[in-house]
Amino acid sequence: MLNPLKNSRAVAFFGVLTGLCLAVQLAPRPPNVEFTSLFSFTVGFLFGSFVGAFFGSFVMFVNGFFSPWGFAGLNMPFQMLGMSVVGVAGGLYRKYTQKPSPSETAVLGAALTVFYDLVTNLGMALFYMIIGTNPTLAVVTALGYGTPFSLIHIASNIAVFGLAFFPLIKAVSQLLVVEKIG
Amino acid sequence: MVEKRTIVFITLVITVWASITSGFAAYYYLEQARYQEQLHNQQKLLDTITRNYDVSANRWNLLSGDYGVLLGDYQFFSGDDYSSLMSRYEALLYNLQENYTSTLNAFPELNTTYNALLSNFQTLNEKSTVTKEEFGSLLDDFYTLLTTLAKKELEVYVGELGVINVSLCIDYGNQTTEWYNKTSTVAGTTLFDLTRKIAAVEYSYWATMEPGHIFLNSINNHAEGYWVWYYWDETKGDWIFGPVGCDAWILENNGIYKWVCIQ
């Protein structure tokens, strides 16, 4: 496989996907309903874990400045870490599966969302600790109060990964850039 | 034989389920702790209000009792010179000031009323004779002030129970209008209290104006004209001219009020 990060068309493709992620993030939508996880997973699936991780962390880096919920601040590294793991998971899934199925991707989407929310909630816990909350209480508060949002996130990503992953793979695979470097 | 990948995915499903249920357990634990704390605070507040109410009721009973005795003596007084009752009136006035110091300090319009009453008393006290009408007028003014202070004190206690949101418009009459939307304040706040809270005001005290004695001379140093106030009537869909002094108008939740400077 060619290194897609050295291919200008691939880089342009990532730029378009990043823009698409941000456009979705900025569009009016229920909280925690997003497509960035799906795109990061898909990029990892198509181009490998390293590129998936790079794409995921890059999107979250840019999103940290443009999110309608405000500047991510201290939570940004945690968001980048969480999303890069989603990209890595996409690459590993391609490597270790022979027969990918929608039900599997839906389960993976749910598990990765749980992991992502756990990591970002720990970022919130760190913020609570910095402002003087007891560490245990900070973690319990961040995880507890993050749960209703996490539930929306998991439910939406089950649907997104289960329903949109394969049509997306099919559409992206038809792109010339993927054919040349994939 | 179950495939390894099936086991992996079942494990993932269980992990997701376990995470969600643990998260919800933590969420409900935190919510319960929060509600318990709120309940505890509300109970403490209610206890405080009950205690304050008892103190206030006791204060009212003592002062109104003293007033009642003096009023009885006044009504059955046989002479023409009532100056012999003046020392008892002075004691009554002193007790009033002692018992309602915090309320008098918190509400300048009531403090002004008290000082006006004290001044009237001192003027009368310097005279050699005091007529029935003069002493009766002093007693009436005292009772009015006593009831106003007692009412105000209870309003302050009740106000601690809840917060109301009101909107206030200040129209300077020169195309400049300022809106203070959804301003939070305690229940029982008068329009004068709110205006003082959000703007710099200068006012004058009119003893003969009832109810409410305050007339605003300027708001935020704008004194080119005279200030009148209106409230928004939802049913009529129109601004209604303020029928009383601004210090006697108690604000309603979600009420809309307006000050207008008329040139």
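Reader: What pLDDT does chain B average?

Author: This is a predicted model, in which local features need pLDDT of at least 70, side-chain atom pairs count only at pLDDT 80 or more, and totals for chains, interfaces and linings use all residues. Residues are numbered from 1 along each chain as its sequence is written, while chains are lettered from A and ligands numbered from 1 in the order in which they are written. The score pLDDT is the predictor's confidence in each residue, from 0 to 100. In chain B, 99% of the residues score at least 70, and the average is a pLDDT of 90.

Reader: Thanks! How many helices does chain A have?

Author: Helices (H or I, at least four residues) and strands (E, at least two) are DSSP runs, numbered from the N terminus. From that end on, the elements of chain A run α-α-α-α-α-α-α. Chain A has zero strands, and its helices number seven.

Reader: What percentage of chain A is buried?

Author: A residue is buried if 20 or more other C-beta atoms lie within 10 Å of its own, exposed if 12 or fewer, and partly exposed in between, with C-beta atoms placed from the backbone. Chain A has 182 residues, and the buried share is 43%.

Reader: How far apart are the end C-alpha atoms of helix H4 of chain B?

Author: Helix H4 of chain B covers residues 108-125, which is 18 residues. The expected span is 1.5 Å times one less than the number of residues, so H4 should span 26 Å. The model agrees, because the end C-alpha atoms of H4 are separated by 25 Å.

Reader: Which residues of H4(B) are buried, and on how wide an arc do they lie?

Author: The buried ones are B:Glu109, B:Thr113 and B:Tyr114. They are on the same side of H4(B), because the arc they cover around the axis, taken from the directions from the helix axis to the C-beta atoms, is only 145°.

Reader: Which residues are exposed on the other side of H4(B)?

Author: We have just met the buried residues of H4(B), including B:Tyr114. On the other side of this helix, the exposed residues are B:Ser119, B:Gln122 and B:Thr123.

Reader: Is B:Thr112 buried or partly exposed?

Author: B:Thr112 also belongs to helix H4 of chain B. Its C-alpha atom is 7.4 Å from that of B:Tyr205, although the two residues are 93 residues apart along the chain. B:Thr112 has 19 C-beta neighbours inside 10 Å, so it counts as partly exposed.

Reader: Which helices of chain B do the buried residues of H5(B) pack against?

Author: The buried residues of H5(B) include B:Phe135, B:Leu138 and B:Glu153. Contact here means that the C-beta atoms of two residues, placed from the backbone, lie within 7 Å. The buried residues of H5(B) pack against helices H1 (4-75), H2, H3 and H4.

Reader: How many charged residues are on the side of chain B that touches chain A?

Author: The contact takes 16 residues from chain A and 13 residues from chain B. Ala, Val, Leu, Ile, Met, Phe, Trp, Tyr, Cys and Pro count as nonpolar, Asp, Glu, Lys and Arg as charged, and the others, Gly among them, as polar. The side of chain B that touches chain A has ten nonpolar and three polar residues, and of charged residues it has no example.

Reader: Which residue stands opposite B:Trp232 in E6(B)?

Author: Strands E5 and E6 (residues 238-241) of chain B pair in the antiparallel sense over four bridges, where pairing takes at least two bridges found by DSSP. Between these strands of the hairpin are four residues, and B:Gly237 takes a positive phi near 65°. Opposite B:Trp232 in E6(B) stands B:Trp239.
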